[in-house]
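Student: I am new to this structure. Please show me how to read its features one at a time.

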2 protein chains.
Amino acid sequence: MELSERKKKILTAVVESYIATAEPVGSKALAQVIGCSSATIRNEMSELTGMGYLEQPHTSAGRVPSPAGYRLYVNELMERQKLTEAEAAAINDKLAKKDAQIEQLMNEVGQLTSTMTQYPAYALAMKPPAAVKRFDFIYVDANTFIIVVLLTDNTVKNKLIHLPFSVHQEQITTLSSLFNANFTGVTDQEITDPLIRSTERAAGDTYGLVAVVASFTIECLAAAKAAPMGVAGASQLLSQPEFRDPDKAHALMNFISDGSRLMSDLPRMGEEHNGLRVTIGPENLAEELKDSSVVMASYDAGDGMRGYIGVVGPTRMDYSSVAAKLSYIAAGLSRVLAGPDAPEGLNNKLVLKESEHHE
Amino acid sequence: MELSERKKKILTAVVESYIATAEPVGSKALAQVIGCSSATIRNEMSELTGMGYLEQPHTSAGRVPSPAGYRLYVNELMERQKLTEAEAAAINDKLAKKDAQIEQLMNEVGQLTSTMTQYPAYALAMKPPAAVKRFDFIYVDANTFIIVVLLTDNTVKNKLIHLPFSVHQEQITTLSSLFNANFTGVTDQEITDPLIRSTERAAGDTYGLVAVVASFTIECLAAAKAAPMGVAGASQLLSQPEFRDPDKAHALMNFISDGSRLMSDLPRMGEEHNGLRVTIGPENLAEELKDSSVVMASYDAGDGMRGYIGVVGPTRMDYSSVAAKLSYIAAGLSRVLAGPDAPEGLNNKLVLKESEHHE
DNA sequence: ATTAGCACTCGAAGGATAGGAGTGCTAGCA
DNA sequence: TGCTAGCACTCCTATCCTTCGAGTGCTAAT
């Protein structure tokens with residue numbers, strides 16, 4: 001059933017006032033805004049309460065939006081806000097000098113999102129499973145060589161190996177061709193003991209070199225699979241009046257800081273509206289989030305990777321402003337990471353591809 | 001002037017009781033512990049207060065240690081505590097499967113320290129300035145090659161370069177010898193425009209390849225200089241009664257989370273006792289730490305690197321337990337990172353050297 | 001349908017009061 | 001001289017009570 005125009009206006013005003021002040025909203029204050037008497041407002045509010053959109057902390061207090069009220073506000077009533085030029089500039093500025101390493105980039109984006117929104121924020125990227133594209137072995141000296149592994153997702157990993165005995169250049173070359181023959185294109189699951197044993201026999205390896213390289217390979221593939229994640233600004237919670245109770249704050253901050261908890265819920269969170277997912281209070285799966293809200297946006301991280309950024313805050317969150325900022329940052333990230341495919345000169349192209357650089 | 005044995009005992013008891021309960025300590029409770037009447041204790045405490053070791057929150061409350069009292073306790077009175085076997089085992093366990101990448105290792109050590117001590121913790125490693133030892137260029141295909149850089153500190157960095165045009169294997173080889181000739185052994189300061197220009201001329205480079213590799217080199221050297229740091233467990237503060245005031249908590253958490261602030265003070269902090277530095281309340285340089293304490297331990301990270309771990313907490317910190325745990329973790333880290341130099345078989349040696357592996 | 005008016009509710013804020021922990025001092029005792 | 005028992009005093013803390021006022025729901029009038 002559809003609400004009357006005036007009810008919508010009233011609900012909007014209640015939500016926005018409560019978001020701004022954290023104080024229950026009374027009929028008198030609204031009367032001015034809506035343009036009718038407080039008695040009328042009271043009647044309307046009483047009905048809105050009956051419908052479940054508003055709540056009363058106690059009989060003689062004003063009204064507060066219920067989760068359903070916030071939901072309606074977010075879905076239908078809220079106006080899409082625009083960023084100020086200064087805010088947009090600050091974001092673009094930050095994204096321009098982004099870091100090359102994905103973990104660090106996630107940290108920085110989390111930081112950026114948190115400072116822009118004034119809420120704790122997280123950023124993460126989901127990677128598809130990878131395999132090795134090619135192995136290279138750099139012979140440094142008789143006791144030292146470097147393994148370089150190029151993965152299908154175009155990241156490069158390396159490891160310096162010191163040996164307590166000498167090897168010849170040729171041994172390294174043999175190792176190289178064996179690994180390129182047997183270990184490329186396989187997932188970490190497929191690197192089994194039999195495969196390692198047979199490669200060892202083929203290499204005539206008695207020193208365990210094959211095992212070392214193989215275990216490094218597994219390590220690389222595992223690392224490529226792990227979703228890098230950054231969480232930042234957890235302390236922002238403390239400036240919210242709903243978290244003046246240190247115990248509440250502590251519980252939620254613990255939850256947030258342990259990124260894995262949060263991450264495991266993300267994929268199961270409500271559906272997307274305009275590229276945003278908003279989960280309000282009790283809609284959250286985790287017990288710790290039952291009276292908090294989560295807003296997240298997704299972005300295209302290039303190379304088939306999908307990423308998410310989001311913030312956590314009280315249900316009384318400034319959804320409108322947060323939505324605008326998240327959308328803007330997500331769009332900016334997509335632009336920077338996935339980029340326009342047409343190369344535009346050497347340097348530009350190299351910068352665009354910097355996401356593939358790994359330390 | 002030296003305190004009498006009994007005064008020492010009383011001061012110790014006051015400090016330890018206050019650390020345990022966060023409540024001012026009265027004469028009656030102490031009388032039982034010390035073994036004389038409360039009146040005697042009162043006289044003694046009155047003198048200790050006069051000497052500046054104890055304070056009274058108000059006339060009719062018990063006594064609380066002053067910063068000077070804590071200082072005396074830490075320097076002379078405190079007993080070196082031993083870890084329980086379970087604690088030692090937990091630490092060793094964690095250190096055994098440490099991560100290979102230094103940034104991540106610092107994060108994990110911070111995390112470990114924080115969970116063990118129940119205070120916010122940080123971990124960092126100071127690196128000496130590095131230079132490039134050798135360059136390698138891996139030719140992948142006509143549009144792609146990988147730069148691999150081995151630094152003097154034995155870390156390896158790499159970068160995948162996509163080109164919008166084709167290059168020949170020989171061009172890459174030329175590049176390699178030029179860089180190995182001109183850019184090895186130099187600090188990031190010494191990579192100047194003239195050097196780049198002259199190398200470009202020598203290479204007959206018209207595509208800006210030299211500039212790209214040079215800028216990557218600078219990036220590597222800068223990254224090698226930056227001290228990797230991990231901060232963890234800031235939310236632990238909230239469980240301390242002195243941070244029930246959300247504003248105080250917020251202020252300190254902000255300070256802690258911004259690692260750079262903390263880091264810049266670390267080198268200037270008091271001198272070392274038994275490998276530990278304790279800075280108590282007003283001894284801290286940063287305004288935000290004036291009523292907190294910092295305990296830090298240093299460790300040998302191998303390869304000439306020195307590292308620090310530490311915790312931040314209220315002045316009413318459990319110095320004894322924290323000192324024991326920090327010492328233990330620091331020793332463990334030194335052992336794992338700097339290690340005994342004698343190799344003990346291939347695998348062992350390789351594990352010991354894993355600190356030099358970089359992604 | 002809207003509004004003015006009014007009685008009512010109930011939390012928040014502000015004293016006042018009692019309770020009690022702890023002190024300092026004094027005087028007595030070994 | 002050092003310790004202790006006793007006692008008056010201080011001052012915080014908790015609790016209760018009152019007041020105040022914002023806000024409500026209802027009724028009757030427009």
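Tutor: Begin with two terms: helices (H or I, at least four residues) and strands (E, at least two) are DSSP runs, numbered from the N terminus. A residue is near a molecule or strand if its C-beta atom, placed from the backbone, lies within 6 Å of it. This is a predicted model, where local features need pLDDT of at least 70 and side-chain atom pairs count only at pLDDT 80 or more, while totals for chains, interfaces and linings use all residues. Residues are numbered from 1 along each chain as its sequence is written, and chains are lettered from A and ligands numbered from 1 in the order in which they are written.

Student: Which helix gives the most to the surface near DNA strand D?

Tutor: That is α3(A), with four residues. Around the strand there are 19 residues, of which G26(A), S27(A), C36(B), T40(B) and S60(B) come nearest.

Student: How do the residues of that surface divide into nonpolar, polar and charged?

Tutor: Ala, Val, Leu, Ile, Met, Phe, Trp, Tyr, Cys and Pro count as nonpolar, Asp, Glu, Lys and Arg as charged, and the others, Gly among them, as polar. The surface near DNA strand D has five nonpolar, 11 polar and three charged residues.

Student: How should I read a sheet, and what is the strand order in the open sheet of chain A?

Tutor: Strands of a sheet pair through backbone hydrogen bonds, either parallel or antiparallel. Two strands count as paired if DSSP finds at least two bridges between them. In chain A, five strands form an open sheet in the order β7-β3-β10-β9-β8, with antiparallel pairing.

Student: Why is one side of β7 and of β8 of chain A left without a neighbour in the sheet?

Tutor: β7 (229-232) and β8 (276-280) of chain A stand at the edges and have a single partner strand each, so one side of each has no neighbour in the sheet. β8(A) pairs with β9(A) over five bridges, in the antiparallel sense. V278(A) stands opposite V295(A) in β9(A).

Student: Where is D303(A) found, and is D303(A) buried or exposed?

Tutor: A residue is buried if 20 or more other C-beta atoms lie within 10 Å of its own, exposed if 12 or fewer, and partly exposed in between; C-beta atoms are placed from the backbone. D303(A) is in the loop between β9 (292-302) and β10 (305-314) of chain A. D303(A) counts as partly exposed because it has 16 C-beta neighbours inside 10 Å.
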